[in-house]
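Thank you for making the time this morning. I would like to walk you through one structure, helix by helix, and then finish with a few individual residues.

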Amino acid sequence: MDVTVQGGDGRPLNKEDLGLLRDIFIHSALMGIYVPFFYKAQFGDITEKYFPSLGIIHDVGRIISLLYLPGQYHEIEARRREDPLKSYFEHESKLGFADTSHCLLGMYFLDLWNLPYEYLDLIGAHHTRPAAGNETGKLCVVLEYTDRLITAIGASSAGAAADLRSFHCGGITTSFLEKAAASITGDRINIERELAADGIF
Ligand SMILES: [Fe+2]
Ligand SMILES: [Fe+2]
């Protein structure tokens, strides 16, 4: 398949930015698998209506940021290389990009592009842990820790040490998390293989 990805300036993305886009795809694909997995493990029930694409779409704002605000995106990525166990959002906030955060950009484009509207609040709050115990609150909690976990496990395979005991994932035990971490690592390898076979990245 011959696909060219263009940046906001209409030029094809360079190799570095294609690599960053690939990272978002891998992260989002893993979120697509593990948000429902942890939601079911923590709450024991199923909110099927959210699961077909929530994990895939949750970081749509990062794609927008990479394509249209590349200076901001590169600054955040430089910090992530120094401290890879922190989430994208933590670096984004610390660098003073709260007004153009990927959460806000994601909400804006979700509306503009007519993507599933029920995800609006979830995308806006997916790095926070709201106190409300309703469905949105529960999903935000799972999105928040699954995101941190997948980020930390990706960083672990790159050499940084993630301490799974420091993850507060509802009532989920450390041994359950260790098994999930091994599974996430295996899925990451499979996704990378599939992307390479497709020849897009
Ligand atoms: Fe995010
Ligand atoms: Fe994310």
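Let me begin with a pair of helices, α3 and α6, whose axes come within 7 Å and cross at roughly 100 degrees. Since angles of 65 to 115 degrees count as roughly perpendicular, α3 and α6 are therefore described as roughly perpendicular to each other. On the α3 side the contact is made by Val60, Gly61, Arg62, Ile64 and Ser65, and on the α6 side by His102, Cys103, Leu104, Leu105, Gly106, Phe109 and Leu110. If we sort the residues of this contact by character, 7 are nonpolar, 4 are polar and 1 is charged. I should say at this point that we are looking at a predicted model, so please hear everything that follows as a description of that model.

Staying with α6, which covers residues 102–112, the buried residues in this helix are His102, Cys103, Leu105, Gly106, Met107 and Leu110. What covers them? The elements over the buried residues of α6 include α3, which we have just met, together with α5 and α7, the last of these being residues 120–124.

After α6 comes Asn114, and the phi of this residue is positive, near 60 degrees. As background, most residues other than glycine have a negative phi. Asn114 is a residue other than glycine with a positive value, and its place is in the loop between α6 and α7. Is Asn114 buried or exposed? With 8 C-beta neighbours inside 10 Å, Asn114 counts as exposed, because the cut-off for that class is 12 or fewer.

Let me now turn to α1, which runs over residues 15–43 and so has 29 residues. From its first C-alpha to its last, α1 reaches 41 Å, which is close to the 42 Å expected at 1.5 Å a residue. Along the way there is a bend of about 30 degrees at Gly32, and a proline, Pro36, follows within four residues. The buried residues of α1 are His27, Ser28, Ala29, Leu30, Met31, Tyr34, Val35, Pro36, Phe38 and Tyr39. Just after the helix, Gly44 takes a positive phi of about 70 degrees.

Gly32 itself, the site of that bend, is partly exposed, with 17 C-beta neighbours inside 10 Å. Leaving aside residues up to four places away in sequence, Gly32 touches Gly55 and Ile56. Gly32 and Ile57 are 25 residues apart in sequence, while their C-alpha atoms are 8.5 Å apart in space.

How does α1 pack against α3, residues 60–68? The two helices meet at an angle of about 175 degrees, with their axes 10 Å apart, and α1 and α3 are therefore roughly antiparallel to each other, the cut-off for that description being over 145 degrees. In this contact α1 contributes Asp17, Leu20, Leu21 and Ile24, and α3 contributes Arg62, Ile63 and Leu66. By character, the residues of the contact of α1 with α3 divide into 5 nonpolar, no polar and 2 charged. You may recall Arg62 from the contact of α3 with α6, and Arg62 appears here in the contact with α1 as well.

To close, here are three further residues, beginning with Lys15, which lies in helix α1. Lys15 is exposed, with 8 other C-beta atoms within 10 Å. Lys15 and Ile153 are 138 residues apart in sequence, and 24 Å separate their C-alpha atoms in space.

Ile153 also serves as the reference for Asp163, which is found in the loop between α8 (135–157) and α9 (174–198). Asp163 and Ile153 are 10 residues apart in sequence and 9.5 Å apart in space, C-alpha to C-alpha. Asp163 is exposed, with 10 other C-beta atoms within 10 Å.

The last residue is Lys86, in the loop between α4 (70–82) and α5 (88–94). Lys86 has 17 C-beta neighbours inside 10 Å and so counts as partly exposed. Measuring tape aside, the model places Lys86 and Ser65 at 18 Å from each other, C-alpha to C-alpha, with their positions 21 residues apart in sequence numbering.

Terms used
Residues are numbered from 1 along each chain as its sequence is written. Chains are lettered from A and ligands numbered from 1 in the order in which they are written. This is a predicted model: local features need pLDDT of at least 70, side-chain atom pairs count only at pLDDT 80 or more; totals for chains, interfaces and linings use all residues. A residue is buried if 20 or more other C-beta atoms lie within 10 Å of its own, exposed if 12 or fewer, and partly exposed in between; C-beta atoms are placed from the backbone. The expected span of a helix is 1.5 Å times one less than its number of residues. The bend at a residue is the angle between axes fitted to the seven residues ending there and the seven starting there. Axes are lines fitted to C-alpha atoms, for helices over the stretch in contact, and angles run from 0 to 180 degrees between N-to-C directions. Angles under 35 degrees count as roughly parallel, over 145 as roughly antiparallel, 65 to 115 as roughly perpendicular and the rest as oblique. Two residues are in contact if their C-beta atoms, placed from the backbone, lie within 7 Å. Ala, Val, Leu, Ile, Met, Phe, Trp, Tyr, Cys and Pro count as nonpolar, Asp, Glu, Lys and Arg as charged, and the others, Gly among them, as polar.
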